[in-house]
Amino acid sequence: MKVKKIPLRRCVVTKESLPKELLLRVTRTKDMKVSVDLTGKAHGRGAYIKKSVEVIQQARKKNILSNVLEAEVPTTIYDELEAL
């Protein structure tokens, strides 16, 4: 029986390669709209962040998502990530 490959993605904060189900995806569209991608399939530039309150707070403090996505990330996005 063939072993199924688990897709890995890199967290932009911790730089760890983790399975997709342990990460949250934030996307930026061409019109510079930033949103949380719950499906993992939305169009646009994506950045993955670990599902951890400490990591999300670190990303907010260091403004990491804004740098990676090359767009201004509203504080409501960080609040939504922490709620998830």
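# Notebook: helices, loops and one buried leucine

I began with Leu81, and, leaving aside neighbours within four places in sequence, I found it in contact with Leu24, Val26, Val36, Ile49, Ile56 and Leu65. I note at once that this is a predicted model, so every entry here describes a prediction. Leu81 is found in helix α3, and its relative accessible area of 1% places it among the buried residues, for which the cut-off is under 20%. I also looked up its separation from Val53, and the two C-alpha atoms are 8.3 Å apart in space although the residues are 28 apart in sequence.

**Overall layout**

I then stepped back to the whole chain, where I counted three helices and five strands. Reading along the sequence, I wrote the order down as β-β-β-β-β-α-α-α. For the radius of gyration I noted 13 Å, which agrees with the value near 12 Å that a compact globule of 84 residues would have. Taken along the principal axes, the box that the C-alpha atoms fill is roughly 45 × 30 × 20 Å.

I looked up burial for the chain as a whole, and buried residues make up 36% of the 84 residues. The exposed area comes to about 5900 Å², and carbon and sulfur atoms supply 54% of that area. Turning to contacts between residues at least 6 apart in sequence, I found that 46% of them join residues at least 24 apart. For charge, I recorded 18 positive and 10 negative side chains, with the centres of the two sets lying 9 Å apart.

**Helix α3**

I returned to the helix that holds Leu81 and asked which residues of α3 are buried. In α3, which spans residues 75-83, they are Ile77, Tyr78 and Leu81. Seen down the axis of α3, these buried residues fall within an arc of 95 degrees, so I describe them as lining one face of the helix. I keep in mind that an α-helix has 3.6 residues a turn, so residues three or four places apart point the same way. On the other side of α3 I found Thr75, Thr76 and Ala83 exposed.

I next asked what covers the buried residues of α3. The cover includes strands β3 (23-28), β4 (34-37) and β5 (45-50), together with helices α1 (53-62) and α2 (64-69).

**Helix α1 and its end**

I treated α1 in the same manner, and its buried residues include Val55, Ile56 and Ala59. Seen down the axis of α1, the buried residues fall within an arc of 100 degrees, so they too line one face of their helix. Glu54 and Lys61 are exposed on the other side of α1, while the cover over its buried residues includes β3, β5, α2 and α3. One of the buried residues of α1, Ile56, was already on my list of contacts for Leu81.

Lys62 also has its place in helix α1, and I looked up whether it is buried or exposed. Lys62 is exposed, with a relative accessible area of 52%, a value that falls in the exposed class because that class begins over 50%. I also paired Lys62 with Val13, which is 49 residues away along the chain, and their C-alpha atoms are separated by 9.3 Å.

Just after α1, I found that Asn63 takes a positive phi of about 60 degrees, although Asn63 is not a glycine. Asn63 lies in the loop between α1 and α2, and at a relative accessible area of 34% it is partly exposed.

**Another positive phi**

I noted a positive phi at Met32 as well, near 65 degrees and again in a residue other than glycine. Met32 lies in the loop between β3 and β4, and its relative accessible area of 43% makes it partly exposed.

**Ahead of the strands**

My last entry concerns Pro7, whose place is in the segment before β1 (8-10). Pro7 counts as partly exposed, at 39% relative accessibility. I asked which residues Pro7 touches, not counting those up to four places away in sequence, and the list is Leu18, Pro19 and Lys20. I also looked up the pair Pro7 and Leu22, whose C-alpha atoms are 11 Å apart in space, with their positions 15 residues apart in sequence.

Note on methods
Residues are numbered from 1 along each chain as its sequence is written. This is a predicted model: local features need pLDDT of at least 70, side-chain atom pairs count only at pLDDT 80 or more; totals for chains, interfaces and linings use all residues. Side-chain values use heavy atoms; hydrogens and water are left out. Helices (H or I, at least four residues) and strands (E, at least two) are DSSP runs, numbered from the N terminus. The radius of gyration is taken over C-alpha atoms; the globule rule is 2.2 Å times the number of residues to the power 0.38. Buried means under 20% relative accessible area, exposed over 50%, partly exposed in between (1.4 Å probe, protein chains only). Contact means heavy atoms within 4.5 Å. Accessible areas come from the Shrake-Rupley method with a 1.4 Å probe; for residues, only the protein chains shown count as cover. Lys and Arg count as positive and Asp and Glu as negative; His and the chain ends are not counted. The place of a charge is taken as NZ of Lys, CZ of Arg, CG of Asp or CD of Glu. The arc is that of the directions from the helix axis to the C-beta atoms.
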